[in-house]
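Trainee: Hello! I have just opened this structure and would like a close look at one part of it. Could you start from a single pair of residues and build the picture outward?

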Amino acid sequence: MKLLQLWAFIFQLFFETCKELRYLPRQIGRCFEQCCIMGYQTLPIVGILSIFMGGILALQTGYSLSKLPGAQSFLGSIVGLSMCRELGPLMTAFLLTGRVGSAITAELGSMSVYKEVDALRTMNLSPVRLLVMPRVVGGLLMMPFLTIFSTVLGWLGGWIVTQSVNFISINGAIYWRSLKQYVDVESINDGLLKAEIFALVITLISSAMGLQTKGGPREIGTSVTRTLVQSMIAILMLDYFVTKVLL
Amino acid sequence: MANTKQLFSETRNRLPVSIEVDHLKKQFRNYVVLDNISLKVEPGEIFVLMGPSGSGKSVFLDLLAGLSEPSSGRLSINQEDLKEVKRTKKYVMGLVFQSGALFNSMTIFDNLALYLREHRLFDEQEIRSRVTQMLSMLTLRGIAHLMPSELSGGMRKRVALARGLLMEPDILLFDEPTSELDPITAASIIELIGYVNKQLRITTLVVSHDVMLAQTIGHHIALLNNGFIQEIYTPQTLPQSSQSFVRNFLNPTVNLNRPRFLPPAS
């Protein structure tokens, strides 16, 4: 029952956010601030994670393919497609949940608990306009950049592994040729579409959890945990259905 | 503080409004917090709602501020239903929260300017001048660049009052304005509320358990007991009340041998 109420509130928040988009020009400063927090400050961790993700993928796949003669020449396409269609958007979404989603819930949760949200309401100011909409817009604007960054660094990670591990016997040119051959614009677009859906879900869930927080510091912690759990479940479920539609 | 009136009346010159509460009831599931509350706050007066902790004073204030819905009964301002007033934004209400509820991520200046900026009431230069003037009126000069966490409790309450006044409200609501303050700072807040009311004739409702506040600045005083208001007093009639609850509230006795929260000895 509580879960249904939460999702009803998330949908309500979505429609209210759409309605408040007409005030976007006036909230551009807040949106820019959110872009900095979500994009610029998340970049290093996305980079580190993606390089290793691409590297691990190349390592595991390269080892398995080493048993099939000539199959390693497909390593570039495997890493390329996996990163841009699946791992890039997914890992970025998980990172955004952990780093940004939890921060949104904690901030809005403490604003709810300490009556700052009520203060906005008494001033006839919409909390959705001032607090939720800039975060949703920030997430939607930054997620494609983060995903592309993650994908490219994942490819680079894969390439570094092909150059430095003995049992992978392909050179860099073959890796990049294979990658270019199979990774097309459609694959990149599919990945970006997923990323946008994930960004919307993360920012809405974390904002909803924050605004619904009541009680004290303990409840803020509980809301943050619930944000992480709900977002990750939602991301994985959506990933499955979106992939099914896109394939 | 001599310029308070000038600053306020430059842009608005409205008549004070009245607040009517009619058979108001609020319950959470089966627990009735407020039951059959009826009162009227006359235009321009200070009405003090007193009562022990947990008696539903803050719930009443939330209802009046439109932050929650009553279970039954009617709240109106100048005979107009509160819901309609909220929808049309006809009257402005300034609520000064117990904690101040200042926005912790903003400087004091941005806290005070937020309402004016978001409603696009004035240009930036005018907003700057109004905020600076308001800060100096409330003897808060030099704190505009500070964050709320850098202020003392008394200063926060004054900033919250400044934020409320900058909205040029028709109604000012205070939630426990003197709680958590030392007696001298509490007295200065009481003086400030009284002074602002005298100067600007804003209809004011104060929720408090501070007897001194009620008797010093209240025009009418009501005591909330277990969700009921039994009688409405003036500062003169309050001490003469025949009701034992009121007498106990005004002059509580302390008995160290028999603490009242302990169960009676068997």
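**From one pair outward**

Mentor: Gladly. B:Lys25 has B:Ser72 as its bridge partner in β4(B). Before going further, a word on the model and the labels. This is a predicted model, in which local features need pLDDT of at least 70 and side-chain atom pairs count only at pLDDT 80 or more, while totals for chains, interfaces and linings use all residues. Residues are numbered from 1 along each chain as its sequence is written, and chains are lettered from A and ligands numbered from 1 in the order in which they are written.

The pair belongs to a join between strands β1 (residues 19-28) and β4 (residues 72-77) of chain B, which run antiparallel and share five bridges. Strands here are DSSP runs of E with at least two residues, helices are runs of H or I with at least four, and both are numbered from the N terminus. Two strands count as paired if DSSP finds at least two bridges between them. β1 and β4 sit in an open sheet of four strands, ordered β2-β1-β4-β5 in chain B, with antiparallel pairing. The edges are held by β2 (31-41) and β5 (80-81) of chain B; each has a single partner strand, so one side of each lacks a neighbour in the sheet.

Let us move along chain B to strand β3 (residues 46-50), where five of five residues are buried. Buried means that 20 or more other C-beta atoms, placed from the backbone, lie within 10 Å of a residue's own; 12 or fewer makes it exposed, and anything in between partly exposed. One side of β3(B) carries B:Ile46, B:Val48 and B:Met50, the other B:Phe47 and B:Leu49, and both faces are covered. β3(B) is joined by five bridges to the parallel strand β8 (residues 203-208) of chain B, where B:Leu205 stands opposite B:Phe47. β3(B) also pairs in the parallel sense with strand β9 (residues 220-225) of chain B, over four bridges. There B:Met50 has B:Leu223 of β9(B) as its bridge partner.

For a contrast in chain B, try B:Pro235, in the loop between β10 (228-233) and α9 (244-250). B:Pro235 is partly exposed because 15 other C-beta atoms lie within 10 Å. Setting aside neighbours within four places in sequence, B:Pro235 is in contact with B:Gln215, B:Gly218 and B:Ile221; contact means that the C-beta atoms of two residues, placed from the backbone, lie within 7 Å. From B:Pro235 to B:Gly218 the C-alpha distance is 6.7 Å, although 17 residues separate them in sequence.

How does chain B meet its partner? Twelve residues are involved on the side of chain B, written as 12 residues in contact with 10 residues of chain A. On that side of chain B, β6 (93-96) and α4 (108-118) each supply at least two residues. By class, the side has nine nonpolar, one polar and two charged residues. In this scheme Ala, Val, Leu, Ile, Met, Phe, Trp, Tyr, Cys and Pro are nonpolar, Asp, Glu, Lys and Arg are charged, and the others, Gly among them, are polar.

Across that contact lies chain A, with nine helices and zero strands. Its C-alpha trace spans about 70 × 35 × 30 Å along the principal axes, and 46% of the 247 residues in chain A are buried.

Within chain A, helices α4 (residues 75-113) and α9 (residues 217-246) pack at about 145°, with axes 9 Å apart. The axes are lines fitted to C-alpha atoms over the stretch in contact, and angles between N-to-C directions run from 0 to 180 degrees. A:Ala93 has its place in α4 of chain A. A:Ala93 is buried because 29 other C-beta atoms lie within 10 Å. Beyond residues up to four places away in sequence, A:Ala93 touches A:Ala195, A:Phe198, A:Ile202 and A:Ile235. A:Met232 is 139 residues from A:Ala93 along the chain, yet their C-alpha atoms are separated by 8.5 Å.

Finally, confidence: chain B averages a pLDDT of 87, with 94% of the residues at 70 or above. pLDDT is the predictor's confidence in each residue, from 0 to 100. For the complex, the predictor gives an ipTM of 0.85 and a pTM of 0.86.
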